Amino acid sequence: MTPKDIIDGYRPFIVGLGGTQRPNSTSEKAARLTLKHAEKAGAKVEMLAGPDLIFPMYDPAVTERTENAVNMIETLRKADGIVLSSPSYHGSISGLLKNALDYTEDMRSDKKVYFGGRVVGCIGCGAGWQGAASTVETLRSIAHALRGVPTSIGGLINTAEPVFDGDGNCIDPRTDEVLRIMAIQMVKLARMRYVARAADPDWEHWVKTDERIPVLYR
């Protein structure tokens, strides 16, 4: 068995987070489409849509967690990659998704902190390119802050134009192609992460938890 056979045989686990409290929103459909492309590329996938992300407002002083919040954190801990998909609300991400991401503070003491080393695909949906672009930029910044690795391509979706039909099928070839490329990048980078972990099991661990990456800022 060649190294390529080993890599191609590895099925990374990719999780989608996004949508709104309204089922089948554009941002949810976009995340599901990305996961569908990732699955075709060899990944195992799971979607946590808007209703799965309805938690109490995050309060660092409160340690109790709802069943949904516990499930999200445990699912993220197992993930090799994460798709973040949000509508553009006044030029930024939704409060629903931001609140859910605040709960990743529960991962701050993990050996693999937050999104450490995981590939992150970012999708922004807005009624115009400006809102979609600023939402993707915000998601990229959050991914960096959580120590994730955003894909080189971002998913900008202009909802002022027809994108999905009533059954959730993508009717815009450009959007489908962008999300397909993003999904393939996620699977390939997750497999590279698998190889790196095999070569050095500690490579993803951060300074506060014995990470080997040097401290750049003091």
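This passage describes the aromatic ring pairs and the internal cavity of a predicted model.

The structure contains 2 aromatic pairs. A pair of aromatic rings is described by the distance of the centres and the angle of the planes. In one pair, F55 and Y103 meet edge-to-face, with 5.1 Å from centre to centre and 70° between the planes. This pair joins distant parts of the chain, 48 residues apart: F55 belongs to the loop between strand 2 (44-48) and helix 3 (67-78), whereas Y103 belongs to the loop between helix 4 (95-102) and strand 4 (119-126). F55 and Y103 are both buried.

Y103 also pairs edge-to-face with Y58, at 5.2 Å centre to centre and with 70° between the planes. Here too, distant parts of the chain are linked, since Y58 lies in the loop between strand 2 and helix 3, 45 residues from Y103. Because its relative accessible area is 19%, and buried means under 20%, Y58 is classed as buried. Y103, at 4% relative accessibility, likewise counts as buried. Through these ring pairs, F55, Y58 and Y103 are linked into a cluster.

Turning to the interior space, the structure holds 1 cavity of 30 Å³ or more, and the volume of the largest cavity is about 30 Å³. Its lining is formed by W129, L156, I157, N158, E161, V163, D172, R174 and T175. Two or more of these residues come from each of strand 6 (155-158) and helix 6 (173-199). Strand 6 provides the largest share, 3 residues. Sorted by class, the lining of the largest cavity comprises 4 nonpolar, 2 polar and 3 charged residues.

Note on methods: Residues are numbered from 1 along each chain as its sequence is written. This is a predicted model: local features need pLDDT of at least 70, side-chain atom pairs count only at pLDDT 80 or more; totals for chains, interfaces and linings use all residues. Side-chain values use heavy atoms; hydrogens and water are left out. On a 1 Å grid over the protein atoms alone, a cavity is a set of points where a 1.4 Å probe fits but cannot get out, and a pocket is an open set with protein on both sides within 12 Å along at least five of seven lines; lining residues have an atom within 4 Å of a point. Grid points are joined across faces, edges and corners, and a volume is the space filled by probe spheres set on the points. Helices (H or I, at least four residues) and strands (E, at least two) are DSSP runs, numbered from the N terminus. Ala, Val, Leu, Ile, Met, Phe, Trp, Tyr, Cys and Pro count as nonpolar, Asp, Glu, Lys and Arg as charged, and the others, Gly among them, as polar. Rings of Phe, Tyr and Trp (its six-membered ring) pair if their centres lie within 6.5 Å; planes under 30 degrees apart count as stacked, over 60 as edge-to-face and the rest as tilted. Buried means under 20% relative accessible area, exposed over 50%, partly exposed in between (1.4 Å probe, protein chains only).
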